[in-house]
Amino acid sequence: MGAGRTGMTGADFLRAIADGSVESSPHLTHLGLRLVLVEPGRVELVWRPGPELTNRSGVVHGGYIATALDDACGMASGSAAERPTLHLTMNLNVDYLRPVRAGEAYTVAGTVTHRGRTRILTLATVTGADGRLCAQATSSLTPNRLTTPG
């Protein structure tokens, strides 16, 4: 963590990513994810997956959907931290309900459901523009005390 980030909360750091003053992770750009809302314990991303994320049946591959959900869980967890902290996923359970299609807009939301000192539980959802749930995940995470985001 750079010296200019002293005193920042996890939510402050993620807001800086959302407003562009801190560079986003390259894999978020590759996935087509953009962070748009940060509150302590909750994040929202806009997702417009590209055709490079589709499988042979023409829909977004479930692994990419799981990655988007995992990112939302991790960011929700980080948004609740007292300082910018990376979180490690210990468990991720995904339920797929409807196909996710390339080129369409989706909302990916992550929420902390339990915050302990060493274990954080989260829920993330992928929702279509019509408001219908496409996929959801529950996750448990732990703070990575060895590194901080930079």
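This is a short walk through the fold of one protein chain, from its overall form down to a few single residues. The model is a predicted one, so please read every value below as computed from that prediction.

Let us begin with the whole chain. It holds three helices and six strands, and from the N terminus on these elements follow the order α-α-β-β-α-β-β-β-β. Along the principal axes, the C-alpha atoms fill a box of roughly 45 × 30 × 25 Å. How does the radius of gyration fit with a compact globule? For 150 residues, such a globule would have a radius of gyration near 15 Å, and the chain has 15 Å, so the two agree. Buried residues make up 42% of the 150 residues. Among contacts with a separation of 6 or more, 63% are between residues 24 or more positions apart. On the outside, the chain exposes about 7800 Å², and carbon and sulfur atoms supply 51% of that area.

Next, have a look at helix α3, which covers residues 62-79. Its 18 residues, at 1.5 Å each, should span 26 Å, and the C-alpha atoms at its ends are 25 Å apart, so the helix agrees with the expected span. Many positions along α3 can be found on its list of buried residues, including Ile 65, Ala 66, Leu 69, Ala 72, Met 75 and Ala 76. It helps to recall that an α-helix has 3.6 residues a turn, so residues three or four places apart point the same way.

The later strands make a good second stop. Strand β4 (residues 106-115) and strand β5 (residues 120-128) run antiparallel and are joined by nine bridges. A hairpin through four residues links β4 to β5, and Thr 107 stands opposite Thr 127 of β5. On the next step, β5 is joined by eight bridges to strand β6 (residues 133-143), again in an antiparallel arrangement. Here too there is a hairpin with four residues between the strands, and Gly 131 in the turn has a positive phi of about 85°. One of the pairings puts Val 126 with Ala 135 in β6.

What brings helices and strands together? In soluble globular proteins, nonpolar side chains tend to be buried together. In this chain the largest nonpolar core has 38 residues, and Trp 47 and Val 126 touch the most other members. Elements giving two or more residues to this core are α1, α2, β1, β2, α3, β4, β5 and β6. The most comes from α3, with eight residues. Beyond its neighbours within four places in sequence, Val 126 is in contact with residues including Trp 47, Ile 65, Leu 69, Val 100, Tyr 106 and Leu 133.

Finally, compare two residues by their surroundings. Gly 128 belongs to strand β5; is it buried or exposed? Its relative accessible area is 12%, under the 20% cut-off, so Gly 128 counts as buried. Leaving aside neighbours within four places, Gly 128 is in contact with Ala 105, Tyr 106 and Cys 134. Val 100 lies 28 residues from Gly 128 in sequence, with 8.1 Å between their C-alpha atoms. Asp 95, by contrast, sits in strand β3 (residues 87-96) and is partly exposed, with a relative accessible area of 37%. With the same neighbours within four places set aside, Asp 95 is in contact with Cys 134, Ala 135 and Gln 136. Gly 62 is 33 residues from Asp 95 in sequence, and their C-alpha atoms are 9.8 Å apart.

Technical notes:
Residues numbered from 1 in each chain as written. Predicted model: local features only at pLDDT ≥ 70, side-chain atom pairs only at ≥ 80, totals over all residues. Heavy atoms only, no water. Expected span 1.5 Å × (residues − 1). Buried < 20%, exposed > 50% of the residue type's maximum accessible area, 1.4 Å probe, protein only. Pairing = 2+ DSSP bridges. Rg over C-alpha atoms; globule rule 2.2 N^0.38 Å. Contact = heavy atoms within 4.5 Å. Areas by Shrake-Rupley, 256 points an atom, 1.4 Å probe, with all protein chains shown as cover. Core = buried A, V, L, I, M, F, W, Y, C linked by side-chain atoms within 4.5 Å.
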